[in-house]
Amino acid sequence: MKEIELYSDGSCLGNPGPGGYGIVLRYPSGNYEKEFSEGFRITTNNRMELLGVITGLSQLKESCHVTITTDSQYVIKGVTAWIPGWIRNNWQTSAKKPVVNQDLWQLLVKELSRHDVTWNWIKGHNGHEYNERCDQLARTAAMEYPASIDVGYEV
């Protein structure tokens with residue numbers, strides 16, 4: 001199974017507002033990297049954090065061992081603590097309300113099922129080379145978003 005490092009960050013200029021994600025996929029065995037980013041007219045930071053990880057995983061053509069590094073507590077806690085309960089409760093919170101960003105959480109669950117994933121949380125804006133690069137990609141994408149694209153948001 002191939003070893004892949006996935007670094008991801010999301011950004012939103014206002015919340016909601018223009019947003020974007022940035023991804024670096026790193027293939028350590030071949031010392032090869034690919035970058036991805038995309039901007040949206042109106043979205044939220046949490047949606048961009050989720051969409052970054054989802055998009056990064058979706059770029060992988062085969063099952064891989066993926067180490068995902070993110071500065072998003074929202075994504076880390078969602079995957080490691082909240083999702084099992086949400087699934088058990090038919091995508092409702094413990095307060096019996098629909099899970100916010102359910103559409104993206106469900107896409108993430110689907111992408112995760114294809115891979116062997118290890119999660120790594122790092123503090124954002126702390127000088128980590130790939131986190132800083134992803135942040136730069138996400139912020140640039142948010143500032144240069146295509147006006148016709150809208151990933152939507154939930155309030």
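Helices (H or I, at least four residues) and strands (E, at least two) are DSSP runs, numbered from the N terminus. The model is predicted: local features need pLDDT of at least 70, side-chain atom pairs count only at pLDDT 80 or more, and totals for chains, interfaces and linings use all residues. Residues are numbered from 1 along each chain as its sequence is written, and side-chain values use heavy atoms, with hydrogens and water left out.

**Exercise 1. Lay out the fold of the chain and judge its compactness.**

Step 1. Take the secondary structure: four helices and five strands.

Step 2. Put these elements in sequence order. The pattern reads β-β-β-α-β-α-α-β-α.

Step 3. Test the size. The radius of gyration (over C-alpha atoms) is 15 Å, close to the 15 Å from the globule rule for 155 residues, so the chain is as compact as a globular protein of that length. The rule is 2.2 Å times the number of residues to the power 0.38.

Step 4. Add the dimensions. The C-alpha trace spans about 45 × 35 × 30 Å along its principal axes.

**Exercise 2. Place strand E1 among its neighbours.**

Step 1. Check burial (buried: under 20% relative accessible area, 1.4 Å probe, protein chains only). Strand E1 covers residues 2-12, and eight of its 11 residues are buried, so the rest of the structure largely encloses E1.

Step 2. Find the pairings (two strands pair if DSSP finds at least two bridges between them). E1 runs parallel to strand E4 (residues 64-70), with seven bridges. Glu3 has His65 of E4 as its bridge partner.

Step 3. Turn to strand E2 (residues 17-27). Eight bridges join E2 to E1, and the two run antiparallel. Here Glu5 is bridged to Arg26.

Step 4. Inspect the link. E1 and E2 make a hairpin with four residues between them, and Gly14 in the turn has a positive phi of about 95°.

**Exercise 3. Map the nonpolar cores.**

Step 1. Fix the criterion: a core is a set of buried Ala, Val, Leu, Ile, Met, Phe, Trp, Tyr and Cys residues joined through side-chain atoms within 4.5 Å.

Step 2. Take the largest core. It has 29 residues; those with the most contacts inside it include Leu25, Trp105 and Leu108. Among the elements that give two or more residues are E1, E2, helix H1 (45-58) and helix H3 (102-112). H1 gives the most, with six.

Step 3. Follow Leu108. Leu108 touches Leu50, Val53, Ile54, Leu57 and Val79, leaving aside residues up to four places away in sequence. Contact means heavy atoms within 4.5 Å.

Step 4. Look for another core. A second, separate one has five residues, including Tyr7, Val24, Tyr130 and Cys134.

Note on methods. Buried means under 20% relative accessible area, exposed over 50%, partly exposed in between (1.4 Å probe, protein chains only).
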